[in-house]
Number of protein chains: 2
Amino acid sequence: MSSRNRFRPEGKCGASPLAVTIKELSAACGLSVSTVSKALNDYPDVSSETRALVRATADQLGYRPSALARGLKIGRTFNLGVLFDTEDGGLTHNYFSPVLEAFKSEAERRGYDIAFITHHLGSSPMTYLEHCLYRNVDGVCIVCSKFEEPEVVELVSGPLPVVTIDHVFHGHSCVESENRQGMTELTRYILSMGHTRIAYIEGNSASVTTVRLTSFLRTMQEAGIGVPESYLVQSIYHNPAAARAATEKLLALPERPTCIIMSDDYAALGGMEAIRAHGLRIPEDISVAGYDGVPLLQMCRPRLTTVAQDTAAIGEAAARKLVHLIEQPRTTFQETISVPSRLIPGETVGPAPVGA
Amino acid sequence: MSSRNRFRPEGKCGASPLAVTIKELSAACGLSVSTVSKALNDYPDVSSETRALVRATADQLGYRPSALARGLKIGRTFNLGVLFDTEDGGLTHNYFSPVLEAFKSEAERRGYDIAFITHHLGSSPMTYLEHCLYRNVDGVCIVCSKFEEPEVVELVSGPLPVVTIDHVFHGHSCVESENRQGMTELTRYILSMGHTRIAYIEGNSASVTTVRLTSFLRTMQEAGIGVPESYLVQSIYHNPAAARAATEKLLALPERPTCIIMSDDYAALGGMEAIRAHGLRIPEDISVAGYDGVPLLQMCRPRLTTVAQDTAAIGEAAARKLVHLIEQPRTTFQETISVPSRLIPGETVGPAPVGA
DNA sequence: TGAAAAACCGAAAACGTATTCGGTTTCCGT
DNA sequence: ACGGAAACCGAATACGTTTTCGGTTTTTCA
């Protein structure tokens with residue numbers, strides 16, 4: 001019953017030392033451990049000859065300082081925590097996974113590895129913050145999560161540098177698309193195709209959701225076109241089933257919209273399914289727009305009309321900002337970084353039907 | 001110039017101790033550090049009363065042993081390395097990312113975090129194995145990589161437990177789909193639709209590639225239908241552009257195939273693009289099959305005919321196997337685990353054209 | 001009641017590294 | 001040649017754990 005035994009691997013345990021330590025290196029150099037350490041860390045009080053000697057033999061022996069020992073000593077690990085908590089599919093999320101990929105690349109380029117943050121370790125539960133402290137990450141990126149959860153709030157207001165994506169917490173750094181610009185362009189484009197009955201399916205709560213909806217409504221207002229309450233439907237991001245249900249509501253209206261702006265591309269698939277099920281054609285009978293610009297869908301027919309978010313730039317900016325926050329906390333300020341998005345006029349938004 | 005300074009964060013450094021240590025816990029309990037440690041680790045020589053006391057105050061103070069210190073001492077980190085190295089898109093890979101997601105979930109369920117393995121740390125290059133030793137991972141899963149690379153071979157033949165996915169190294173554990181069964185079913189299905197001129201676009205080298213091709217050829221042979229050399233084209237997995245080029249070759253043949261089996265779903269998109277560019281209809285003029293069964297494509301029209309690989313089962317099995325290899329090296333043997341795959345008859349394979 | 005055995009606890013060493021501080025040596029200017 | 005300053009090196013300590021081992025108390029049994 002002693003759970004301790006489960007922790008001890010039985011195999012080649014202390015058999016052969018896997019990695020070469022600084023002690024062996026110092027022995028090989030005929031120097032003390034401290035001098036070797038100083039040589040490797042560019043201390044001034046070591047002659048250039050011995051520094052060279054140490055460097056050379058270190059290379060030769062393939063010495064790497066143990067990340068564990070180093071981290072323990074200096075209090076940081078060169079690990080960035082990533083909170084990526086989505087119930088649907090996790091890493092397969094087709095908008096957030098490219099963001100994460102870019103984040104990871106940039107982090108690695110800057111010498112950081114990434115570590116996923118969960119709220120359990122094996123069977124024992126722990127909060128996100130606990131996990132971060134347990135693993136000693138140097139900072140956290142919150143990529144995709146329920147931002148209202150108390151655990152997330154605890155993490156954000158904790159002691160570690162934090163960068164969020166697509167949701168701004170007051171006084172903290174955030175990276176997001178220029179949602180206002182994106183939604184405005186999309187709406188104008190749809191208007192330019194002659195649509196007046198435009199419905200809008202909203203994603204679940206996040207600060208970007210509000211920005212997009214506001215931009216849509218204002219653009220409509222500027223065009224002098226009203227949007228009835230019934231044209232605004234609540235739904236969930238990245239959830240085709242929910243979008244399908246929302247779309248059904250819209251199709252059941254006495255005066256059906258001629259165009260629907262979906263919460264995102266993936267949701268749009270569900271919406272389009274509902275439309276097809278009603279025997280309607282896209283875009284001849286009804287137009288559909290998405291949001292995100294997932295590349296895979298741009299290779300399918302009909303090509304979705306959407307707003308492409310620059311996932312590469314978002315992830316990269318997040319990593320860069322987080323590293324700055326970690327390495328120069330004094331001179332780095334909190335900010336919200338907006339990266340431009342781009343309208344992709346695809347095949348799913350056509351001219352408004354004439355009879356409508 | 002001293003690069004050392006870059007490593008020291010200037011901020012709240014030793015200001016407030018972020019996490020509570022065992023020393024503070026022992027003080028709070030009025031016990032020695034050693035006793036506390038033993039109480040937490042279920043040592044027999046500590047009374048149940050003190051054990052209870054320690055446990056209680058530990059919970060109360062929110063104590064977690066530092067992963068760093070613990071790892072340093074016991075020689076393992078409860079981290080699983082993941083080698084996920086694909087030039088195209090990394091984490092966004094639409095077949096491997098669900099595998100990774102399942103792997104991650106199962107690993108976390110068993111108390112392991114995952115760590116990505118690269119061949120550089122910041123600017124300084126290092127081999128995969130070096131990275132593993134540097135971070136002290138307990139084992140490695142090689143998910144997607146050029147298996148011929150010397151670095152990968154070095155890693156596989158290194159001291160750590162290894163599980164590969166979709167490529168078997170002799171004497172090591174591997175998880176893959178039942179490719180033989182999958183390809184056989186697909187081929188039979190295509191044959192049942194009346195096709196005789198079936199072309200095959202091959203992926204780049206891996207052991208599964210061979211198995212699939214062999215299964216295809218044997219099934220064709222069993223049906224008594226020959227496959228000309230020109231119907232077998234070399235291409236690259238997960239690369240629409242390469243598939244497009246390969247498809248062009250096939251379409252240029254004097255006797256064009258009536259069905260093409262693509263190396264995978266994503267590649268199929270490229271192939272279908274080529275076909276459409278030639279003004280041909282799918283599946284009326286020419287049929288197309290993919291492999292993998294990526295869920296997103298099953299929501300698009302036309303629904304791709306393909307073989308679904310059970311990514312969840314694959315990832316889970318890999319994690320389980322790797323953890324077994326780590327925790328019970330004596331009693332766990334190396335093996336290749338095959339998980340069943342499933343034919344999805346979609347809309348892209350139709351009856352063979354009559355005139356053909 | 002006494003001695004052996006069991007039960008329980010703490011001091012100390014170790015894991016691999018970074019850093020402070022005191023101690024040699026070398027160098028320079030006079 | 002001499003004093004002092006620079007230049008260079010190593011012993012020691014600490015980071016937060018685990019684990020061995022010796023020591024004290026309590027229990028048990030003849």
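# Sheets, chains and DNA strands

Biologist: Which residue of S9(A) stands opposite Glu202(A)?

Modeller: Helices (H or I, at least four residues) and strands (E, at least two) are runs assigned by DSSP and numbered from the N terminus. Two strands pair if DSSP finds at least two bridges between them, and strand S8 (residues 198–202) of chain A is joined to S9(A), in parallel, by 3 bridges. Opposite Glu202(A) in S9(A) stands Gln234(A).

Biologist: What kind of model is this?

Modeller: Residues are numbered from 1 along each chain as its sequence is written, while chains are lettered from A and ligands numbered from 1 in the order in which they are written. Local features need pLDDT of at least 70, side-chain atom pairs count only at pLDDT 80 or more, and totals for chains, interfaces and linings use all residues, for this is a predicted model.

Biologist: Which strands of chain A are the edge strands of the sheet?

Modeller: The open sheet of chain A has 4 strands in the order S9-S8-S10-S11, with parallel pairing. Each edge strand pairs on one side only, and these are strand S9 (232–234) and strand S11 (287–289) of chain A.

Biologist: At about what angle does helix H11 (residues 265–277) of chain A run to S11(A)?

Modeller: Axes are lines fitted to C-alpha atoms, for helices over the stretch in contact, and angles run from 0 to 180 degrees between N-to-C directions. Two residues are in contact if their C-beta atoms, placed from the backbone, lie within 7 Å. Helix H11 of chain A lies across S8, strand S10 (259–261) and S11 of chain A, and its angle to S11(A) is about 160°.

Biologist: Why is one side of S9 and of S11 in chain B left without a neighbour in the sheet?

Modeller: In chain B, the order of the open sheet of 4 strands is S9-S8-S10-S11, with parallel pairing. Strand S9 (232–234) and strand S11 (287–289) of chain B stand at the edges, so one side of each lacks a neighbour: each has a single partner strand.

Biologist: What are the domains of chain A, and how far apart are the centres of domain 2 and domain 3?

Modeller: The bounds come from an automatic or database domain assignment. Chain A is divided into domain 1 (15–65), domain 2 (79–177 + 312–339) and domain 3 (179–309). Taken over C-alpha atoms, the centres of domain 2 and domain 3 of chain A are separated by 29 Å.

Biologist: How many residues of chain B are in contact with chain A, and which helix gives the most to that side?

Modeller: Contact joins 58 residues of chain B to 58 residues of chain A. With 6 residues, the element that gives the most to this side of chain B is H5(B).

Biologist: Why do the copies meet through the same surface?

Modeller: The copies do so because interface residues of chain B are also interface residues in chain A. The share for which this holds is 100%.

Biologist: What relation do chain A and chain B have?

Modeller: Two copies of a chain are related by a rotation about an axis and a shift along it. Superposed by least squares on the C-alpha atoms of residues with pLDDT of at least 70 in both, chain B can be laid on chain A with an RMSD of 0.1 Å by a turn of 180° and a shift of 0.0 Å along the axis. That is the relation of a two-fold axis.

Biologist: Which residue of chain B comes closest to the rotation axis?

Modeller: The distance is taken at the C-alpha atom and is 2.6 Å. The residue is Leu68(B).

Biologist: How many residues surround DNA strand D?

Modeller: A residue is near a strand if its C-beta atom, placed from the backbone, lies within 6 Å of it. The closest to DNA strand D are Ser32(A), Ser34(A), Thr35(A), Ile22(B) and Ser34(B), and the number of residues around this strand is 27.

Biologist: Which residues come nearest to DNA strand C?

Modeller: Around DNA strand C there are 27 residues. Those that come nearest are Ile22(A), Ser34(A), Ala69(A), Ser34(B) and Thr35(B).

Biologist: Where is Pro302(A), and what is the omega of the bond from Arg301(A)?

Modeller: Most residues other than glycine have a negative phi, and most peptide bonds are trans. Pro302(A) is found in the loop between helix H12 (295–298) and strand S12 (306–308) of chain A. The peptide bond from Arg301(A) to Pro302(A) is cis, with omega near -10°.
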